[in-house]
Amino acid sequence: MKSTESNLDMEALIKQMGEELRSGKPLTGTGGVFTPLIKKVIESSLEGEMDAHLKQEGETSKNRRNGRGRKNVLSSSGGLEIFSPRDRNGTFEPQTVK
């Protein structure tokens, strides 16, 4: 993605979030303005952890990704459902969300 496309996406996101705030949506919690963003950041962090885990096992390992599992997370901003990556060997232990 080019920088200008990224800036346009961010500007559109900020505009949308501003409209949602003006319409009375809460900041966090179920249906909150920031909840989808928090979810995306957590899932992205978990994907990065999985990448590092598989890389650490080495290229000769037969272990690889095996879909995602649902996980309910309670945070200070409310509860959310995330999708955590899994590996075939079941050796992935995420640190972002234990």
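Q: Buried means under 20% relative accessible area, exposed over 50%, and partly exposed in between (1.4 Å probe, protein chains only); why, then, is Lys39 called partly exposed?
A: The relative accessible area of Lys39 is 25%, and this value falls between the two limits, so Lys39 is called partly exposed. The structure is a predicted model, in which local features need pLDDT of at least 70 and side-chain atom pairs count only at pLDDT 80 or more, while totals for chains, interfaces and linings use all residues. Residues are numbered from 1 along each chain as its sequence is written, and side-chain values use heavy atoms, with hydrogens and water left out.

Q: What makes Glu43 count as buried?
A: The relative accessible area of Glu43 is 15%, and since buried residues are those under the lower limit, Glu43 is placed among them.

Q: How do you know that Glu43 and Lys39 form a salt bridge?
A: A salt bridge is a side-chain nitrogen of Lys or Arg within 4 Å of a carboxyl oxygen of Asp or Glu. The closest N and O atoms of Glu43 and Lys39 are 3.6 Å apart, so the pair meets that limit. A search of the whole structure finds six salt bridges.

Q: Where do Glu43 and Lys39 lie?
A: Both are in helix α2, residues 35-57, and they stand four residues apart, which is about one turn of the helix. The name comes from DSSP runs, numbered from the N terminus, where helices are H or I with at least four residues and strands are E with at least two.

Q: How do you know that Glu47 and Arg65 form a salt bridge, and what does the pair tie together?
A: Their closest N and O atoms are 2.6 Å apart, a value inside the limit for a salt bridge, so the name applies. Glu47 lies in helix α2 and Arg65 in strand β1, residues 65-75, so the pair ties together parts that are 18 residues apart in sequence. Arg65 itself is partly exposed, with a relative accessible area of 32%. Both residues also belong to a network of salt bridges in which Glu47, Asp51, Arg65 and Arg68 are linked.

Q: What makes the meeting of Arg70 and Glu81 a salt bridge?
A: The N to O distance between these side chains is 4.0 Å, which still counts as within the limit, so the pair is included. Arg70 lies in strand β1 and Glu81 in strand β2, residues 78-87, so this pair ties together parts that are eleven residues apart in sequence.

Q: Why is Arg70 called exposed, while Glu81 is called partly exposed?
A: Arg70 has 64% relative accessibility, a value over the upper limit, so Arg70 counts as exposed. Glu81 has 33% relative accessibility, a value between the limits, so Glu81 counts as partly exposed.

Q: Which residues make the nonpolar surface patch?
A: Met10, Leu13, Ile14, Leu21, Leu27, Phe34, Leu37 and Val41 make a patch of about 680 Å², an accessible area that comes from the Shrake-Rupley method with a 1.4 Å probe. Patches are made of residues with over 30% relative accessible area and no salt bridge, where like charges are joined within 9 Å and nonpolar side chains (Val, Leu, Ile, Met, Phe, Trp, Tyr) within 5 Å. Met10 lies in helix α1 and has 46% relative accessibility, so on area Met10 meets the patch limit.

Q: Which element gives the most to the nonpolar patch?
A: Helix α1 does, with four residues, and α1, residues 3-22, and α2 each supply at least two.

Q: Is Ser76 buried or exposed?
A: Ser76, whose place is in the loop between β1 and β2, has a relative accessible area of 85%, so Ser76 is exposed. The C-alpha atoms of Ser76 and Gly90 are 29 Å apart in space, although the two residues are 14 apart in sequence.

Q: What makes Glu49 and Gly18 count as buried?
A: Glu49, in helix α2, has a relative accessible area of 18%, and Gly18, in helix α1, is also at 18%, so each is under the limit for buried.

Q: How far from Val97 are the C-alpha atoms of Glu49 and Gly18?
A: For Glu49, 48 residues from Val97 along the chain, the separation is 11 Å, whereas for Gly18, 79 residues from Val97 in sequence, the separation is 29 Å.
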